[in-house]
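Here is a short report on how two chains meet and on what lies at the core. Have the sequence and the coordinates at hand.

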Amino acid sequence: MRRARLAAGIFLLLVAAASLLAPLLAPAPYARQFREDTNASCSRQHPLGTDGLGRDRLSRLLYGTRVSLVLAPAAALLATLLAGVAGGTAGLAGGWIESSVMAAADLFLSVPWLFLLITVRALLPLNVSPLASVAITFALLGCLGWAGTARIAGAEARALRTSDMILQARASGCSAVRLLRKHIGPNLADTLLTQFWLSIPVFILSEANLGLLGLGVAEPLPSWGSLLRELGSLSSLGAEPVRFVPLALLVLTVSSFQFVLHREDARL
Amino acid sequence: MQVEEAMRSAVRHAIRMLLLLVLGSLLGAALVRMAPGFGVHEEDLDSRLSRESHAALDQKPAEDASLIRFYIHYCGRLLRGDLGTSTSLHEPVRQLLAERIPETTKTLAIGMALAWTLGLGAAFASLLSRWHWIQWSTSFICSLILSIPTAVLAIFFFLAQAPVRIAVGLVVLPSVYSFARGLLNRTSGLPHVLAARARGVGELGILIRHVGRVAAPQLLALCGVSVCTALAACVPIEALCDSPGIGQLAWQAALSRDLPLLVTLTLIVTLVTLCANLAAEAVGGAAFREVRR
């Protein structure tokens, strides 16, 4: 089991390194079209072939991995920070502030995740530049994914509110902001870190679902979601196995996260 | 006394649910009102209409000029059962829902039944069996399903021409299995279970009478949560498998920015989820009191 976790960790590092080195490893720019070579099969020039628009699949996979693997942790960081501030403030303040924040968290948790995502995504402009679509997609994931973590952070902060440490800090005239920054924050750090790691695979999968539904990252910028859209035009499950490479990479990456997180969870 | 306690808990939950709905509808109304393009009609761009017609069209948005007035109108319409008209499909939302709810209900019922039968069955099997490979294989399959985006699963089912309802079941299955297995494992280590085992009670008897009964309230609570997971899974599955349900309608509304339809759909789905959670909590609470007694 330990070896499997080590292998999962190494695999994640390799994928991250390959995506960061995409400009060096990619045979062609991700948006370049080889118009005479559309839907080409694997060759030395195009190791994974080309898509329907004649773009090199390997290049798009490397750049798409970079988009998904860099921005999912960014979204997870945003969600965790929001949850830490909301949960920490609610737990520390108590009373109506806590009730309001927890009611808002309950509301977010009551709406099925994908319904919430597509509703808010549809409220924002759909016809935007690729970079704006990346920012919108991942900011949305970050802003909507805070509720579960906020409930956990709120419960921990509530328990800390009546601890001797906080009572003494209050008695010595510590302000609420300082209490949150110096006392509550560091004590919530472990929980927030665990939640941060747990959110990454969830956000990777959410982006893939949004991309497949046409509500994610806009063309020509690749992401795992937009790369998986190629599966929709398959005629049968056995046709063109090379189109399954992005899916295999996604499944392996998310599974590796799950493996590594078991250990991370136990340690924390 | 117990009945009074149960009633108080039910009322408390109902009030909480009502407050959440009011908050949700306010948020939904605010989103619709503030979204870009609100109040712009297709007819505004029609050069064939006279100045008087354009002026008459402009009168309507003036009724909803402020957010508060818009919200009051919105809630008033909701209370009268008027869910508005879809701007993309040009049909009353109520009619669209009436046509599509039965399909989604069937999908949810079959999917949930499948997920719970398989999930609980696998959890019981991994607990009762001494073969580690059963536990390994069930955990592996569940991890694999968890790592595949729901939309990809939908594409596989569409290509294999398999029933889409099974896909919903597969999405819910990992959470049911993992939670049930963990819970049953923890419960089977409790002192009363160890005592029963020491007295020679059979494993199946222990599982049904001592482990299952104690774990029932939490499993019922999970049932409410799994409705939420199944409903979320309906969006990509129905959209990509061309199944005419609520999920497909939500996706079409999102792509055509049909905000009145989308927000109403989200509110209804939230109401269903809250009701499912409330019912699960109420039944789970009753089961817990029964176990404690």
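## Interface and core

In this predicted model, 37 residues of chain B are in contact with 34 residues of chain A. Contact means that C-beta atoms, placed from the backbone, lie within 7 Å.

Residues are numbered from 1 along each chain as its sequence is written, and chains are lettered from A in the order in which they are written. Local features need pLDDT of at least 70 and side-chain atom pairs count only at pLDDT 80 or more, while totals for chains, interfaces and linings use all residues.

On chain B, the elements giving two or more residues to the side that touches chain A include those below. Helices are DSSP runs (H or I, at least four residues), numbered from the N terminus.

| Helix of chain B | Residues |
|---|---|
| α1 | 2-34 |
| α5 | 132-147 |
| α6 | 150-159 |
| α9 | 203-240 |
| α10 | 246-255 |
| α11 | 259-292 |

The largest share, 8 residues, comes from α11(B). This side of chain B divides into 29 nonpolar, 7 polar and 1 charged. Asp, Glu, Lys and Arg count as charged; Ala, Val, Leu, Ile, Met, Phe, Trp, Tyr, Cys and Pro as nonpolar; the others, Gly among them, as polar.

Chain B has 11 helices and 0 strands. Of its 293 residues, 35% count as buried, with 20 or more other C-beta atoms within 10 Å of their own.

The largest nonpolar core (buried Ala, Val, Leu, Ile, Met, Phe, Trp, Tyr and Cys residues joined through C-beta atoms within 7 Å) holds 126 residues. I118(A), A154(B) and A250(B) touch the most other members. Leaving out residues up to four places away in sequence, I118(A) touches L215(A), V235(B), A250(B), W251(B) and A254(B).

Key: Contact = placed C-beta atoms within 7 Å. Buried ≥ 20, exposed ≤ 12 C-beta atoms within 10 Å, placed from the backbone.
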